[in-house]
Amino acid sequence: MDKNEIIEILQDWNFWKKDLESGIERPTYLNRLKDFLKTGQIVVITGARRAGKSFLMRQLIKSLISDGIGRNNILMVNFEDPRFTELDTKILQKIYEVYLEFLNPKGDVFIFLDEVQEVSGWEKWVRTIYELKKAKLVISGSNAKLLSAELSTLLTGRHIDLEVFPLSFQEYLIFNGLDLKDKLDFAGKRVEIERLFIKYLEWGGFPEVVLSGEKKKLLFHYFEDIVNKDLVKRYKIRKPAKLNSLAKFYLTNISSSITFNSLEKFLDVSADTVEKFSHYFEDAYLIFFLKRFSFKVKEQEKSPRKVYAIDTGLANVLGFRFSRNLGRLAENIIFVELLRKKTLGENNLEFYYWRNSQNKEVDFIIKENLKVSKALQICWEINRPETRTREIKPLLKVMEKLKIDKGFIITQDLEKEENIGEKKIKYLPLWKWLLFDLERY
């Protein structure tokens, strides 16, 4: 590529002569990125494809410009632009040299590299720029393992990471024009909140999907991109149909227990291949697996795992089902919210499911700062006495066993508190659990 071709592409992705669309601000991530940038380390943004990483980079660039950084001092490169035909360190260096020649920046330079995993050998170039103090660097990628492997090899101790997820329910409300400031706002808008929550359950929280009228089409497209670009192409999968079938099986069976051995016959491949594919899904932020709670690590590893999707919209559109199972969707929403809190570093959070030898189960056991602190049971419809008894019994068992004083049953709309012996059970609507800190209850 000649330098005129390169600068033409770069002009489309940069704020040098014009403002670019930066979307609705996501302060939780943006403020953290601004703090990370001050450390002087390489800032690494990872997360699911289409979760909003590129727009967060634009929001950070916009914030830097507002703080007085010259537009010419910021370079943004999108490596998914098909006009970049050869992606290696040579083109990276050429892009950098063309940028310096045409923009002639004075002072600190900020370089943003979007979907950097597309570039072969990128980490060596990034390390060189970092060590020579040529620029402050922000990079993004959609594959956790590839980035972490490359970063740990050459950039140990030089980077700080942020994982980005689809919209939380609070962000989802803001994207739908509901920016609620206090409990009075919530009280006055409860009907609207509950209406939007059902849409959130159904369509999930990918930002573009939330704002689009073509939700189903977009979700199909996202799935195909994740499978084909992040998995089949990158890992050179020889049996893409098997990979596709396993992904759709998991999306159909969210919030269910699985073992890799049990899926051998379903896919007609070995359990080792099922396990390998499953780890690929986690690396690409598509599917996640939750371990059973045990004080013994060996028992955790041998027990069945529960499967969850990054987004309920994907599960609804790609999974095969005859009816909506709102309870399973609700459980998936809680899993992703807990994962979001964990990656944001809240209280050294860990979480598991609990099951005893009689197969009595509690959906989530939460451990904070080395202490088991909460037990959560999800029951969407709990009006029938036999249903309530079925859900409470294992919850009380685990509370007794793990010395937890207060348990939660997350519901569609029931909100109340009851004492059973010395234990306290709090019933709480899921939308409220998502919007308010659990510690307040």
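So, what is the strand order in the open sheet of 3 strands? Going across, we get β6-β8-β7, and the pairing is antiparallel. Keep in mind that this is a predicted model.

Let's stay with that sheet for a moment. On the edges sit β6, residues 257-258, and β7, residues 287-290, and each of those pairs on one side only. If you look at β7 and β8, you'll find 4 bridges joining them, with β8 covering residues 305-309 and the two strands running antiparallel. One pair to click on: F288 has Y308 in β8 as its bridge partner. As a quick reminder, strands of a sheet pair through backbone hydrogen bonds, either parallel or antiparallel.

There's a helix here too. α12, residues 240-252, lies across β6, β7 and β8, and it runs at about 60° to β7.

Okay, moving along to β9, β10 and β11. β9 is residues 350-355, and it pairs with β10 in the antiparallel sense over 5 bridges. Within that pairing, R355 is matched with E361 in β10. The two strands make a hairpin with 5 residues between them, and N359 in the turn has a positive phi of about 65°.

Then β10 pairs with β11, residues 371-378, again antiparallel and over 5 bridges. Here F364 finds its bridge partner, L376, in β11. This hairpin has 2 residues between its strands, and in the turn N369 shows a positive phi of about 50°.

Last thing: why is β10 described as largely enclosed by the rest of the structure? Because 7 of the 8 residues in that strand, 361-368, are buried, and buried here means under 20% relative accessible area.

Notes: Residues numbered from 1 in each chain as written. Predicted model: local features only at pLDDT ≥ 70, side-chain atom pairs only at ≥ 80, totals over all residues. Heavy atoms only, no water. Pairing = 2+ DSSP bridges. Contact = heavy atoms within 4.5 Å. Axes fitted to C-alpha atoms, helices over the stretch in contact; angles between N-to-C directions. Buried < 20%, exposed > 50% of the residue type's maximum accessible area, 1.4 Å probe, protein only.
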